[in-house]
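Reader: I am new to this structure and would be grateful for a close look at a single part of it. Please answer at length and connect that part with its surroundings.

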Amino acid sequence: MAIEVRMDLAQIRISDVTEQQIIVLRERNGNRYLHIVIGLPEAVAIQRRIKGEMPQRPLTHDLLANTIEQLSGEIEKVVISDLHEHTFFARLIVRRAGELIEIDSRPSDAIAVAAGLVVPLYVAEHVLKEAAQTP
């Protein structure tokens with residue numbers, strides 16, 4: 001089992017001049033940062049959900065969160081679990097009827113689904129060793 005490091009969403013950088021947006025994760029009890037390039041729709045979804053801005057009708061990330069809830073599941077955590085050829089991989093960990101279910105996800109989607117909820121975010125230590133930055 002890989003060591004997981006607790007992180008916090010420190011910043012969402014949304015740019016009008018590029019398609020690539022950036023989320024910055026900060027190590028909760030340390031000084032490492034992880035920058036992840038994401039798309040504009042995901043960045044806006046994360047920002048909207050953190051601010052509690054709910055549209056009249058559910059958008060895709062709202063739909064997934066609502067589906068998990070309606071199926072008696074609870075999002076337990078988000079884990080950025082791997083990095084291959086500059087691409088991050090994540091898992092959305094859902095608890096349902098005492099069972100843990102791991103759902104493969106892009107980090108941006110997993111964070112967007114969990115944003116605004118009290119859901120811990122983790123990054124595998126080997127991913128931080130490879131990609132983290134320090135101030």
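In the hairpin of E4 and E5, which residue takes a positive phi, and how many residues are there between the strands?

Author: The model is a predicted one. In the hairpin of E4 and E5, the residue with a positive phi is Glu85, at a value near 50 degrees, and there are 2 residues between the strands.

The two strands of this hairpin may be considered next. Strand E4 covers residues 73-84 and strand E5 covers residues 87-96. E4 and E5 run antiparallel and are joined by 10 bridges. Within this pairing, Val79 of E4 has Arg91 of E5 opposite it. Pairing of this kind has a general basis: strands of a sheet are held to one another by backbone hydrogen bonds, in either a parallel or an antiparallel manner.

E4 has a further partner in strand E7, which comprises residues 121-124. Here the two strands run parallel, and 3 bridges join them. Val78 stands opposite Leu121 of E7, whereas Val79 stands opposite Arg91 of E5.

The hairpin belongs to an open sheet of 7 strands with mixed pairing, in the order E3-E2-E1-E7-E4-E5-E6. The edges are formed by strand E3 (33-39) and strand E6 (99-105); each has a single partner strand, so one side of each is left without a neighbour in the sheet. On average, and with direction ignored, neighbouring strands of this sheet are turned by 35 degrees against each other.

At the edge next to E5 in the strand order, two residues of E6 merit attention. Ser105 lies in strand E6 and counts as buried because its relative accessibility is 16%, below the 20% limit for that class. Leaving out residues up to four places away in sequence, Ser105 touches Phe89, Ala90 and Ala110. Ile103 is also located in strand E6, but its relative accessibility is 31%, so Ile103 counts as partly exposed. With neighbours within four places in sequence set aside, the contacts of Ile103 are Ala90, Arg91, Leu92 and Val94. Arg91 is thus a contact of Ile103 and the residue opposite Val79 in the hairpin. From Met7, Ile103 is separated by 96 residues in sequence and by 19 Å in space, C-alpha to C-alpha.

At the other edge, E3 is joined to strand E2 (residues 20-27) by 7 bridges, and these strands run antiparallel. In this pair, Gln20 stands opposite Gly39 of E3.

The helices complete the surroundings of the hairpin. H2 packs on the sheet and touches both E4 and E5; the direction of H2 makes about 130 degrees with that of E4. Helix H1 (residues 40-50) lies across strand E1 (4-13), E2 and E3, and runs at about 115 degrees to E3.

The helix that touches the hairpin strands, H2, also meets a further helix. The axes of helix H2 (residues 60-70) and helix H3 (residues 107-114) come within 8 Å and cross at roughly 65 degrees. H2 is therefore roughly perpendicular to H3, and their crossing is right-handed. On the H2 side the contact is made by His61, Leu64 and Ala65, and on the H3 side by Asp109, Ala112 and Val113. Sorted by class, this contact of H2 with H3 has 4 nonpolar, 1 polar and 1 charged residues.

H3 packs against H1 as well, at an angle of about 20 degrees and with the axes 8 Å apart. H1 and H3 are therefore roughly parallel to each other, and H1 passes H3 in a left-handed crossing. Glu42, Ala45, Ile46 and Arg49 of H1 make this contact with Ser108, Asp109, Ile111, Ala112 and Val113 of H3. The residues of the contact of H1 with H3 divide into 5 nonpolar, 1 polar and 3 charged. Asp109, Ala112 and Val113 of H3 take part in the contact with H1 and also in the contact with H2.

The buried residues of H1 include Glu42, Ala43, Ala45, Ile46, Arg48 and Arg49. Among the elements that cover the buried residues of H1 are E1, E2, E3, H2 and H3. Just after H1, Gly52 takes a positive phi of about 75 degrees; in the hairpin of E4 and E5, Glu85 takes a positive phi near 50 degrees.

Note on methods: Residues are numbered from 1 along each chain as its sequence is written. This is a predicted model: local features need pLDDT of at least 70, side-chain atom pairs count only at pLDDT 80 or more; totals for chains, interfaces and linings use all residues. Side-chain values use heavy atoms; hydrogens and water are left out. Axes are lines fitted to C-alpha atoms, for helices over the stretch in contact, and angles run from 0 to 180 degrees between N-to-C directions. Helices (H or I, at least four residues) and strands (E, at least two) are DSSP runs, numbered from the N terminus. Angles under 35 degrees count as roughly parallel, over 145 as roughly antiparallel, 65 to 115 as roughly perpendicular and the rest as oblique. A crossing is left-handed if the near helix is turned anticlockwise from the far one by less than a right angle, and right-handed if clockwise. Contact means heavy atoms within 4.5 Å. Ala, Val, Leu, Ile, Met, Phe, Trp, Tyr, Cys and Pro count as nonpolar, Asp, Glu, Lys and Arg as charged, and the others, Gly among them, as polar. Two strands pair if DSSP finds at least two bridges between them. Buried means under 20% relative accessible area, exposed over 50%, partly exposed in between (1.4 Å probe, protein chains only).
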